[in-house]
Amino acid sequence: QDNSIGTSDRVFIGAANNVDVPNGATSFFVGASAGTVSITQTAASIHNNFIGAACNVVYCGSDSFVGVGQDIHMGGGQSFIGAGYSLHTCSGNGFVGAGYNNKIGNSSSGSAIITGSTNQGTGNNFFIGTGYQNTTTAADFGVIVSGRTNSIGSNADHSGILTGCDNVIPASCTCAMIIGSNITADRVCATFVNNLSIKNIPTASTGLPSGSVWSNSGVLNIVA
């Protein structure tokens, strides 16, 4: 009920309420919705979109997919939101798989949050796998695979956190990597760990390239 498709072409609205498809939109599918579907983009920019079964959807993209969920914001073209609650993508070519309160911000093309809760990011081509309250802030190609309350700061491009909790890569600390917990990176192009155990360390330098570590009767050496 209370649905409107105007002069739009190839539009399907199933068991849904309060769907208003603007005149001129094409190829729009809404399967089921108990709330509203609000389309804020101009009609000429709305085409080839799919909403499966979702409630309270704000839509302003094209060539995009929303599966199942509630309080969904699809704000970019060629994007995907799978299933969950309060999932947002505000940039093109974005992917939010599932979870709760996961958000891809503005100016973050090509970025992905797979699942988890309260993970949020900005920066082109960033990746957050899963976890809780992980954030990237204007860091291009930043990666947080998993963990809790980990963060990558602005312009810390090409940096990554494997897992753990309360790790910080500060602003402009580029190409830094963290494996562990409660670590703050403090220089670029370096890897940070809490403790390192090297198994099967070489016992001779023969054939090793410059910079390699080897054990000389229990004393660590670095090949010049």
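**Paired strands, a nonpolar core and unbonded cysteines**

Visitor: What makes S4 and S5 a pair of strands?
Guide: Happily, we can count: in this predicted model, eight bridges join S4 to S5, and the two run parallel. Pairing asks for at least two bridges, so S4 and S5 qualify. Along this pairing, Tyr-59 stands opposite Met-74 in S5.

Visitor: How do you know that S5 and S6 pair as well?
Guide: The reasoning is just the same kind of count. Eight bridges join S5 to S6, and these strands also run parallel. With at least two bridges required, S5 and S6 are therefore a pair. Here Phe-65 stands opposite Phe-80 in S6.

Visitor: How many helices and strands does the protein have?
Guide: There are zero helices and 20 strands.

Visitor: Which residues touch the most other members of the largest nonpolar core?
Guide: Ile-51, Val-66 and Ile-169 do, in a core of 29 residues. Strands S4 (47-59), S5 (65-74) and S6 (80-89) each supply at least two residues of this core. S4 gives the most, with four residues.

Visitor: What is Val-66 in contact with, leaving aside its neighbours within four places in sequence?
Guide: Val-66 is in contact with Phe-50, Ile-51, Gly-52, Ala-54, Tyr-59, Ile-72, Met-74 and Ile-81.

Visitor: What share of contacts between residues at least 6 apart in sequence join residues at least 24 apart?
Guide: That share is 0%.

Visitor: Why is Cys-55 called buried?
Guide: Its relative accessible area is 18%. Buried means under 20%, so Cys-55 falls on the buried side of the cut-off.

Visitor: What makes Cys-173 count as buried?
Guide: Cys-173 has 6% relative accessibility. That value is under the 20% limit, so Cys-173 is buried too. Across the protein, buried residues make up 40% of the 224 residues.

Visitor: How do you know that the sulfur of Cys-173 is too far from the closest cysteine sulfur for a bond?
Guide: The closest cysteine sulfur belongs to Cys-189, and it lies 8.6 Å away. A disulfide needs the two sulfur atoms within 2.5 Å, so Cys-173 does not meet the rule. For the whole protein, the count comes to zero disulfides.

Visitor: What is a disulfide in chemical terms?
Guide: It is a covalent bond between the sulfur atoms of two cysteines.

Visitor: How much area does the protein expose, and what do carbon and sulfur atoms supply?
Guide: The protein exposes about 10400 Å², and carbon and sulfur atoms supply 55% of it.

Notes: Residues are numbered from 1 along each chain as its sequence is written. This is a predicted model: local features need pLDDT of at least 70, side-chain atom pairs count only at pLDDT 80 or more; totals for chains, interfaces and linings use all residues. Side-chain values use heavy atoms; hydrogens and water are left out. A nonpolar core is a set of buried Ala, Val, Leu, Ile, Met, Phe, Trp, Tyr and Cys residues joined through side-chain atoms within 4.5 Å. Buried means under 20% relative accessible area, exposed over 50%, partly exposed in between (1.4 Å probe, protein chains only). Contact means heavy atoms within 4.5 Å. Accessible areas come from the Shrake-Rupley method with a 1.4 Å probe; for residues, only the protein chains shown count as cover.
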